[in-house]
Amino acid sequence: MANPGYGKRSAPDQRPRTGHDFVHLLPRDAAIAAYIDGLCDGADISVKTLAKALPYGQCALRTTLNRLQAAGHLRRGSECVATEEALLWVTRTFFSRTARDDEWWAAFTRGDVPPEPQRSTRSRAFILLAALGRTTPALTLSQASCVELEPQVGEWLERGATEAEILHALTEGLPVRVHHAARFVGRRLLDKLPPLRIAPVRQVVLRTLECSECRAPGSPEAMPGGVCGACRGTADEAPRGPEGAVPVQGVRARMSAVRAGLVPRAERTHR
């Protein structure tokens, strides 16, 4: 395990593990990626530590980590963590089993991860209704009944209800005998419809990424593939920041000029 604040940090919303998660990578890169994927959060994944556990040298491991970053599986950066006493910036190495593009990593850095597209051909509401009879045989529904009741369950979900809450509302305190399951479920969905819930305020995340070559911090948009423009050999198209801002390369010179113009404390006049 790494020191607190360092080590592996798993990215959110990853798909379940399969046997072909890293088949698009070179064999060595796939093997190292699978090893890192199996480590718990907080594990030390520096090249020195990996070299002690894997049959590869530090140069080979460093090359592989850069390739994993280019493939969208890894990013290096910093994150602000709040404690009871202060706000601390800690080093993070984010790893994603699911390959992500630069747009996803930029959203992740802002704390606004885009949702994964739904692959199911059926809605959550239909699946919930179709599976209702597995745990409660008295409420077994036909396909036609599931289609008919699907909009009502969808309204529950739109109001912020969870699947567990819907199941509890439908199955709690059942009568001794249910004569018409579809009519019974529809009545409960109508009578127990919850009020509209106010969406929680999205938490502001303070997070930056670093260039994998020079370790300079920067915005995700300026580092496609995790590499800054200087290390890619490309110059910035236009200066960033508000109008009149000091260019990055001129900040130190400007600060030196400001310090040189300061009056020593001993020579200051007190009013």
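Here is a friendly chat about a predicted model of a protein chain.

Colleague: Let's start with the overall make-up: how many helices and strands are in the protein chain?
Modeller: Happy to help, and remember that the model is predicted. The chain has 271 residues, and 34% of them count as buried. Its secondary structure comprises 11 helices and five strands.

Colleague: In what order do the strands of the open sheet run?
Modeller: The open sheet has five strands with mixed pairing. Its edge strands are S1 (8–10) and S5 (217–218), each of which pairs on one side only. Reading across the sheet, the order is S1-S3-S2-S4-S5.

Colleague: Do S1 and S3 pair in the parallel or antiparallel sense, and which residue stands opposite lysine 8?
Modeller: Strand S3 covers residues 87–95, and three bridges link S1 with S3 in the parallel sense. Opposite lysine 8, in S3, stands threonine 93.

Colleague: Moving to the helices, how are H1 and H3 oriented to each other, parallel or perpendicular?
Modeller: Helix H1 spans residues 27–38 and helix H3 spans residues 58–70. Their axes come within 10 Å and cross at roughly 80 degrees. Angles of 65 to 115 degrees count as roughly perpendicular. H1 and H3 are therefore roughly perpendicular to each other.

Colleague: Which residues in H1 meet H3, and how do the residues of that contact divide?
Modeller: On the H3 side, the partners are Ala60, Leu61, Thr63, Thr64, Leu65, Arg67 and Leu68. From H1 come Arg28, Asp29, Ile32, Ala33 and Ile36. The residues of this contact divide into seven nonpolar, two polar and three charged.

Colleague: Where does H3 lie relative to the strands, and at what angle does H3 run to S2?
Modeller: H3 lies across S3 and strand S2, the latter covering residues 74–82. The angle between H3 and S2 is about 80 degrees.

Colleague: Which residues in H4 are buried, and which strands do they pack against?
Modeller: Helix H4 covers residues 102–110. Its buried residues are Trp104, Trp105, Ala106, Ala107, Phe108 and Thr109. They pack against S2, S3 and strand S4 (207–210).

Colleague: What phi does glycine 111 take?
Modeller: Glycine 111 comes just after H4. Its phi is positive, at about 85 degrees.

Colleague: One last look at the whole chain: what share of the exposed area do carbon and sulfur atoms supply?
Modeller: The protein chain exposes about 18000 Å². Of that area, carbon and sulfur atoms supply 55%.

Methods. Residues numbered from 1 in each chain as written. Predicted model: local features only at pLDDT ≥ 70, side-chain atom pairs only at ≥ 80, totals over all residues. Heavy atoms only, no water. Axes fitted to C-alpha atoms, helices over the stretch in contact; angles between N-to-C directions. Helix = DSSP H or I, 4+ residues; strand = E, 2+ residues; numbered from the N terminus. Parallel < 35°, antiparallel > 145°, perpendicular 65-115°, else oblique. Contact = heavy atoms within 4.5 Å. Nonpolar A, V, L, I, M, F, W, Y, C, P; charged D, E, K, R; others polar. Pairing = 2+ DSSP bridges. Buried < 20%, exposed > 50% of the residue type's maximum accessible area, 1.4 Å probe, protein only. Areas by Shrake-Rupley, 256 points an atom, 1.4 Å probe, with all protein chains shown as cover.
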